[in-house]
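Got the viewer open? Here's a short tour, one selection at a time.

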Amino acid sequence: MSPTSSTSRPAGREELSPAGPSGRGLGVLRRYRHLLPVTDATPLITLGEGDTPLVRSVKLEQEVGCRALYFKLESCNPSGSFKDRGMVVAVAKAVERGDRAVLCASTGNTSASAAAYAAHCGLQAYVIVPYGRIAEGKLAQTCAHGARIIAVDGSFDDALRLAREITQRHPVALVNSINPHRIEGQKTAAFEIVDELGDAPDALCLPVGNAGNITAYWRGFVEYYQREVATRKPRLWGFQSAGAAPLVLGHPVAEPQTVASAIRIGNPASWQAAIAARDESGGDIQAVTDEEILAAYRRLAQEEGIFCEPASAAGVAGLLKRVREGADLSEKTAVCIITGSGLKDPERAMAEFAPELRPVPPDVPTIEREMGLE
Ligand code: F0G
């Protein structure tokens, strides 16, 4: 693929925009081109990322007592997590530079996304993951897209250190969120929220791991405020797992532990930027326990119809906790970011929800009995 070609299409393929009237299908690079580091040489690739649903709560909103509570379903991105917004920009810029391979460290979602976009562009993806700590769905995706997976006997933080070192020694593009193009792409989620609500919400709740996403949201909200698209900026309320809460504790955690494997991170790369986002927004970064995360995970699935992975429930768990502790949100609008799909972690879902199945005879009386319709 020529690094100077303006798209990743094979030569001679006609440019067709699949977008309908809403802009759905345009992709992040086209839709927000004027606000992204896109040049004439940047291939405007897309797998249909962005333009994710903002769904109004049907149950939890009353408990929170706010004017409106929304869930932004980043799980609806093509690889099932918010990572696609940043990855499309990082991989497009890698293609533009003429890179042939990309590398990331990951707790699973970054690797699935990198693998998908690398496959789309004909690049080789390499991923370094902490052995035995990646949810099965994410591993399956990463393998399916043809990435080379290196599982290290160590943590995500070890994997990221190794990824940085390897990309300094070899011509392979690092596509973790320390790559500034990742943050640029991810800020588009903030734009979408303002575009849809007409202004910024009062509070934005999200899980925090390596801290790229909270950094990106803040950048997006600040940019829209400076451009006078929004009249205000939200407070950012970030939540870490209690067993992996370096930003809450104020020091790295050597052996982070949590059921939310996506955010099992002890030394976030975007530490300073996350603290700045917290402070400049008048927000907070707090800890939630695994029990609180799993309770929110269950409630989202069973009371809202939203199936997310455990890490994604941390933002909702945190909001509910703040309300229990007395936060007054009346007259406020809050948005919780559902960062990844429940299908990513089927083992956890089965452990939480699945009854013991035993086969029954295939006849009507038995089915009626099983349904309690006798
Ligand atoms: N939620 C999910 C589902 C994630 O996969 C991650 C991070 C986060 C939240 C936290 O976002 O790192 O920007 O603060 N996952 C990374 C990965 C680390 O490798 O997939 P963050």
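Start on the surface: select Ile367, Met371 and Leu373, which together make a nonpolar patch of about 310 Å². Keep in mind as you go that this is a predicted model. Within that patch, click on Leu373: this residue sits in the segment after α15 (364–371), and it's exposed, with a relative accessible area of 54%.

Next, head for the ligand. There are 20 residues around it, and the ones that come nearest are Ser106, Gly209, Asn210, Ala211 and Thr339. Now pick out some polar contacts. For Thr107, show the backbone: one of its N or O atoms lies 2.8 Å from an oxygen atom of the ligand. Do likewise for Ala211, where a backbone N or O atom is 2.7 Å from a ligand oxygen. For Thr339, turn on the side chain instead, since an N or O atom there is 2.7 Å from a nitrogen atom of the ligand. How much of the ligand does the protein bury? Taken alone, the ligand exposes 470 Å², and the protein buries 99% of that.

Last stop, the cysteines. How many disulfides are there? The count comes to 0. Select Cys121 and look for a partner: the nearest cysteine sulfur belongs to Cys104 and is 15 Å away. Cys121 itself is buried, at 2% relative accessible area. Then jump to Cys143. Why is this one unbonded? Its closest cysteine sulfur, again in Cys104, is 13 Å off, so the gap is too far for a bond, with a disulfide needing the two sulfurs within 2.5 Å. Cys143 is partly exposed, with a relative accessible area of 46%.

Conventions
Residues numbered from 1 in each chain as written. Predicted model: local features only at pLDDT ≥ 70, side-chain atom pairs only at ≥ 80, totals over all residues. Heavy atoms only, no water. Buried < 20%, exposed > 50% of the residue type's maximum accessible area, 1.4 Å probe, protein only. Patch = residues over 30% accessible without salt bridge, like charges linked within 9 Å, V, L, I, M, F, W, Y side chains within 5 Å. Areas by Shrake-Rupley, 256 points an atom, 1.4 Å probe, with all protein chains shown as cover. Salt bridge = Lys/Arg side-chain N within 4 Å of Asp/Glu carboxyl O. Helix = DSSP H or I, 4+ residues; strand = E, 2+ residues; numbered from the N terminus. Near = heavy atom within 4 Å. Polar contact = N/O pair within 3.5 Å; in protein donor to acceptor, adjacent residues only side chain to side chain.
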